[in-house]
Amino acid sequence: MNAQTGIAGLDELLGGGLPANRTYLVEGNPGAGKTTLALQFLLEGIERGESCVCVTLSETREELSAAASTHGWSLDKLRIVELVASEDALHTDNQLAMFQPSELELGTTMEAILKAIEETKPTRVVIDSLSEFRLLAQNSLRYRRQILALKQFFSGRRCTVLFLDDRTADGSDLQLQSIAHGVVMLEQMSPEFGGDRRRLRIAKLRGRAYRGGYHDYIIEKGGLRVFPSLVASDHKIEAVSGQLSSGIAELDALTGGGFDFGTGILVAGPAGSGKSTLSMQYAYTAAMRGQRAMVMMFDERVDTLLARCKGVGIDLGPFVENGLVTLQQIDPAELSPGQLSQIVRSAAEGKDGHPPAQVIVIDSLNGYLNAMPEERFLVIQLHDLLTYLGHKGIVTFLVVAQHGLLGAMQTPVDTTYLADAVVLLRYFETMGAVKQAISIIKKRGGKHERTIREFRIDGQGLRIGEPLRDFQGVLSGIPKYLGNSKPLLENREE
């Protein structure tokens, strides 16, 4: 039997919830969200018709109610036992001097807790927080004995108990962790730029398989929202056949008819070479065929993208209105990697209010990299993300801006081996003008042209020229012209 926490992502990590009638420890620094998690746990029990008790040693009922109201919660049905120090403790007459005050205060506190439990007979209990017990106990031996006594008391009364600990003691209290049936650790981090980041880890859960590692979460109106890390192997492979074409004959010839569903495409090139527009062409063509496309935008505003695309014949506006194209603007300084994965997962599974996406564009990978704490984690997460989307039969376009304009290019992180196909865009100079070239460097599981073609974006849309057979050294940026013909695309009047 499980005691669900009321937090869907956390219950998923726990394998369906906390095993009932056990004692658990929730650790975290002040501000990490321990009390919010505990209130969600108690309110979930009340929603299920259970009796619940919150024992607070650090906050008053008024403070708890005020915090709950910010989430739209009411604590009217929750039994709150206040054991905070009263103002009488400030009077000189009440300050004992002949023996330790803790000898009376700890006994009084324990007696009040036991009395409330006996009267209410709850199935869910939260004790907030253990730091007060630690101070009253004065030494670690007495503290451990009191916690063991509490655990034994609750075990005979069919209670699921959460002990909250703010980790004010030096280091991690491993003795306390050894007593608990399970341990959930909350962390709050403050990066040099952007908002706070929070993550949790299930450090221990006896007798139950659970999802280990760190998982991002946020605190928003309505409580904690946990984003389980994406594990591609947990999702079954959905067989999807067919290819996604661009709607441009020359480009489809270059790519061997299009890109297979379930593959990841890396579109690389310098700034302004047409990477985003090329990706939007595939999203537009998919929407024209009734297939949903989702675009994660890190570097461009929605209105700018719509205006720019419309200027080259890619009118996304009607498809945005009917939901076939979703433009999701992302601020990497405010969203954690877990949230980004959740956005993609919701679109892939159709849990964001729209049909499941069949084309996903991440524009750009440079912005995605800025949302990651360290570069090495980007490759690991991208591997899982692309594998998951491949299992779903989705064509994924990863746009990456390379450093430089002509000649040798550098990427912020090498992800070419992760992609099933690599589209390379380049500038080259010839006859006093700067031109653009396109080529397919890699395509797994299918034939493609190995030629280099001219690539142009104008009022007529995307235009692909004939193979540049009369040029040598196009990818170097300064080719040599070896022929006598004029194979380049001519300018057209708008």
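## A walk through the cores, strands and loops

Let's start inside this predicted model, in its largest nonpolar core. Of the 40 residues in that core, the ones that touch the most other members are L244, L251, I265, L278, F397, V423 and I438. Helix α9, which covers residues 275-288, gives this core its largest share, seven residues. Elsewhere there is a second, separate core of 35 residues, and C52, C54, L75 and V126 are among them.

Let's return to L278 and look around. Which residues does L278 contact, once its neighbours within four places in sequence are set aside? They are L251, V267, V423, I438, F455 and L462.

Now step back to see the whole chain. The protein chain has 494 residues, and 53% of them are buried. Along the chain you can find 14 helices and 24 strands. Take the contacts between residues at least 6 apart in sequence: 69% of these join residues at least 24 apart.

A good strand to visit next is β19, residues 421-430. Nine of its 10 residues are buried, so β19 is largely enclosed by the rest of the structure. What are the strands that pair with β19? One is β14 (residues 264-269), which runs parallel to β19 and is joined to it by four bridges. Within this pairing, A268 has L424 of β19 as its bridge partner. Another is β20 (residues 433-443), which pairs with β19 in the antiparallel sense over 10 bridges. Here V422 is matched with K442 in β20. β19 and β20 form a hairpin with two residues between the strands, and in this hairpin M431 takes a positive phi near 55 degrees.

Helix α5, residues 130-137, is also mostly covered, with six of its eight residues buried. Those buried residues are L130, S131, F133, R134, L136 and A137. Look at both ends of this helix. Ahead of it, S129 sits in the loop between β6 (124-128) and α5, and the peptide bond from D128 to S129 is cis, with omega near 5 degrees. Just after α5, Q138 has a positive phi of about 75 degrees.

Another cis peptide bond links D363 and S364, with omega about 10 degrees. S364 belongs to the loop between β17 (359-363) and α13 (365-370).

Two other loops hold residues with a positive phi. K121, in the loop between α4 (102-120) and β6, has a phi near 50 degrees, a positive value in a residue other than glycine. Is K121 buried or exposed? Its relative accessible area is 62%, and exposed means over 50%, so K121 is exposed. R158 lies in the loop between α6 (140-155) and β7 (160-165), and its phi, near 55 degrees, is likewise positive in a residue other than glycine. With 56% relative accessibility, R158 counts as exposed.

Finally, let's look for empty space. Rolling a probe the size of a water molecule over the atoms shows where such space is left. How many cavities of 30 Å³ or more does a search of the whole structure find? The search finds five, and the largest cavity has a volume of about 50 Å³. Its lining is made by T5, L10, L18, Y24, V26, L37, F41, L162 and V184. Strand β3 (23-28) and helix α2 (34-47) each supply at least two residues of this lining. By class, the lining has eight nonpolar residues, one polar residue and no charged residues.

How values were computed
Residues are numbered from 1 along each chain as its sequence is written. This is a predicted model: local features need pLDDT of at least 70, side-chain atom pairs count only at pLDDT 80 or more; totals for chains, interfaces and linings use all residues. Side-chain values use heavy atoms; hydrogens and water are left out. On a 1 Å grid over the protein atoms alone, a cavity is a set of points where a 1.4 Å probe fits but cannot get out, and a pocket is an open set with protein on both sides within 12 Å along at least five of seven lines; lining residues have an atom within 4 Å of a point. Grid points are joined across faces, edges and corners, and a volume is the space filled by probe spheres set on the points. Ala, Val, Leu, Ile, Met, Phe, Trp, Tyr, Cys and Pro count as nonpolar, Asp, Glu, Lys and Arg as charged, and the others, Gly among them, as polar. Buried means under 20% relative accessible area, exposed over 50%, partly exposed in between (1.4 Å probe, protein chains only). Two strands pair if DSSP finds at least two bridges between them. A nonpolar core is a set of buried Ala, Val, Leu, Ile, Met, Phe, Trp, Tyr and Cys residues joined through side-chain atoms within 4.5 Å. Contact means heavy atoms within 4.5 Å.
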